[in-house]
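Subject: A structure for you to look at

Hi,

Here is the structure I promised to pass on. Please open it next to this message, and then read on for what turned up.

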Amino acid sequence: MDLTILYRGPLASCDYDCPYCPFAKRRDSRARLTSDREALERFTAWAAAQTGDRLSVLFTPWGEGLVRSWYRRALTELSQLPHIRRVAIQTNLSGRTAWLADAHPERIALWCTYHPGQTPYERFLGRCRELSARGIRFSVGVVGFDEHLDEARRLRAALPEEVYLWVNAAEGHTYTDEEAERWTELDPLFPYSRHPHRSAGLPCRTGESVISVDGDGTVRRCHFVKAELGNLYDGSYRRALAPRACPLGVCDCHIGYVHLETLPLYDVFAGGVLERIPAGRGAASTPDGPVAPGPSRRALPLLPDPRRCAVPGPSAESA
């Protein structure tokens with residue numbers, strides 16, 4: 001079985017103070033940190049034992065994981081296993097990168113977010129250069145606030161061409177066409193993030209080849225649908241894996257809508273769905289990682305028609 005797993009444990013603390021994030025500068029108790037470490041170690045042991053499957057794992061902690069030794073250890077250990085197609089994590093890249101010397105460079109990847117005002121620009125750029133020097137696959141992105149635009153342009157100009165810079169639409173913000181054009185100049189795929197996507201009743205890979213797992217091992221189809229499919233550790237989730245339509249009205253988070261079968265993003269990000277790297281971009285590019293099965297692959301447009309993406313009403317949770 002080929003399975004993509006989005007794992008999110010109890011960790012909810014971060015070393016940054018972003019005004020748009022509810023977890024900014026939040027501190028976890030010692031007991032919560034212990035619980036998070038034990039949960040992650042249990043998950044890592046489970047993943048290591050699934051040698052009959054092909055797994056892709058993306059860690060999506062609410063807080064910053066790479067400042068914790070157990071996340072660095074989990075990524076390193078999983079990257080060394082031949083049945084792990086790729087292991088990746090969302091990170092603010094605030095920590096050192098030397099630990100990556102022990103990881104398999106073709107199986108590990110980082111999804112990095114630059115937060116202007118939270119870290120010196122030169123420090124963040126230096127971390128990116130370290131990743132490039134180590135041959136680590138990574139993407140870099142920003143949240144599309146007006147005050148971030150100049151810094152984003154500066155970063156794009158300094159990064160190697162093969163490093164993809166993505167832009168997330170700011171939650172709750174409506175972009176004029178002029179504003180959207182400025183961000184699209186930096187990220188040609190920004191139109192996918194600009195508007196929520198209609199998803200109700202549409203086919204989605206979550207719940208079939210993609211699942212969400214929490215620290216207790218509870219399996220759901222994705223982070224945004226609360227219905228449970230079973231538990232990872234007793235194997236009960238396997239009986240529930242099946243094609244299914246999305247029960248939500250809209251999806252506006254990349255880690256959710258990237259799996260919608262009505263969008264061409266498995267083609268756009270072929271080989272890099274997990275770490276948000278478009279096909280043909282990134283260091284150590286390999287065919288590993290979640291891709292659409294051969295028979296369903298087809299030539300599709302790079303950008304969506306904005307008229308089809310615009311949806312009125314409240315947005316869902318965004319990454």
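To begin with a small puzzle: does Gly9 count as buried or exposed? Gly9 counts as buried, because its relative accessibility is 11%, and the cut-off for buried is under 20%. You will find Gly9 in the loop between S1 and H1. Leaving aside residues up to four places away in sequence, Gly9 touches Asp36 and Gly215. Gly63 is 54 residues from Gly9 in sequence, and their C-alpha atoms are 9.8 Å apart in space.

Before going further, please keep in mind that this is a predicted model. The chain has a mean pLDDT of 87, with 85% of its residues at 70 or more. In residues 284–319, however, the pLDDT is below 50, although this stretch has 80 contacts in the model beyond near neighbours in sequence. Where pLDDT is low, the predicted coordinates should not be read in detail.

Now the overall picture. The chain contains 9 helices and 13 strands. It has 319 residues, 56% of which count as buried. If you take the contacts between residues at least 6 apart in sequence, 70% of them join residues at least 24 apart. The accessible surface of the chain is about 13,700 Å², and carbon and sulfur atoms account for 50% of that.

The sheet deserves some time. It is an open sheet of 9 strands with mixed pairing, and the order is S6-S5-S4-S3-S2-S1-S9-S10-S11. Strands S6 (165–168) and S11 (225–231) are at the edges with a single partner strand each, so each has one side without a neighbour in the sheet. From one strand to the next, the twist averages 25°. Helix H3 (residues 121–134) packs on the sheet, where it touches strand S4 (108–113) and strand S5 (137–143), and the direction of H3 makes about 160° with that of S5.

At the S6 edge, S5 and S6 are parallel and pair over 4 bridges, with Gly141 opposite Trp166 in S6. Leu165 and Val167 point one way from S6 while Trp166 and Asn168 point the other way, and all are buried.

Strand S9 (residues 210–214) is a good place to look next. Of its 5 residues, 5 are buried. Val210, Ser212 and Asp214 point one way from S9, whereas Ile211 and Val213 point the other way. On one pairing, S9 runs parallel to strand S1 (residues 2–8), joined by 5 bridges, and Thr4 stands opposite Val210. On another, S9 pairs with strand S10 (residues 218–222) in the antiparallel sense over 2 bridges, and here Ser212 is opposite Arg220. The hairpin of S9 and S10 has 3 residues between the strands, and Gly217 takes a positive phi near 90° in it. S10 in turn pairs with S11, again in the antiparallel sense, over 4 bridges, with Thr218 opposite Asn231 in S11.

Which residues touch the most other members of the largest nonpolar core? They are Phe59, Leu110, Val140, Leu155, Trp183 and Ile211, out of 62 residues in that core. Helix H1 (residues 30–49) supplies the largest share, 6 residues. Ile211 of S9 has a list of contacts that includes Leu3, Ile5, Val219, Leu232, Tyr237 and Leu241, not counting residues up to four places away in sequence. There is also a second, separate core of 27 residues, with Ala88, Trp166, Phe224 and Leu265 among them.

Finally, two backbone details to check by eye. Leu93 is a residue other than glycine, yet its phi is positive, near 60°. Leu93 lies in the loop between strand S3 (84–91) and S4, and it is buried, with a relative accessible area of 5%. Arg276 is not a glycine either, and it has a positive phi of about 65°. The place to look for Arg276 is the loop between helix H8 (265–268) and helix H9 (306–309). Is Arg276 buried or exposed? Arg276 counts as buried, at 2% relative accessibility.

Happy browsing, and best wishes!

Notes: Residues are numbered from 1 along each chain as its sequence is written. This is a predicted model: local features need pLDDT of at least 70, side-chain atom pairs count only at pLDDT 80 or more; totals for chains, interfaces and linings use all residues. Side-chain values use heavy atoms; hydrogens and water are left out. Buried means under 20% relative accessible area, exposed over 50%, partly exposed in between (1.4 Å probe, protein chains only). Two strands pair if DSSP finds at least two bridges between them. pLDDT is the predictor's confidence in each residue, from 0 to 100. Contact means heavy atoms within 4.5 Å. Axes are lines fitted to C-alpha atoms, for helices over the stretch in contact, and angles run from 0 to 180 degrees between N-to-C directions. Accessible areas come from the Shrake-Rupley method with a 1.4 Å probe; for residues, only the protein chains shown count as cover. A nonpolar core is a set of buried Ala, Val, Leu, Ile, Met, Phe, Trp, Tyr and Cys residues joined through side-chain atoms within 4.5 Å.
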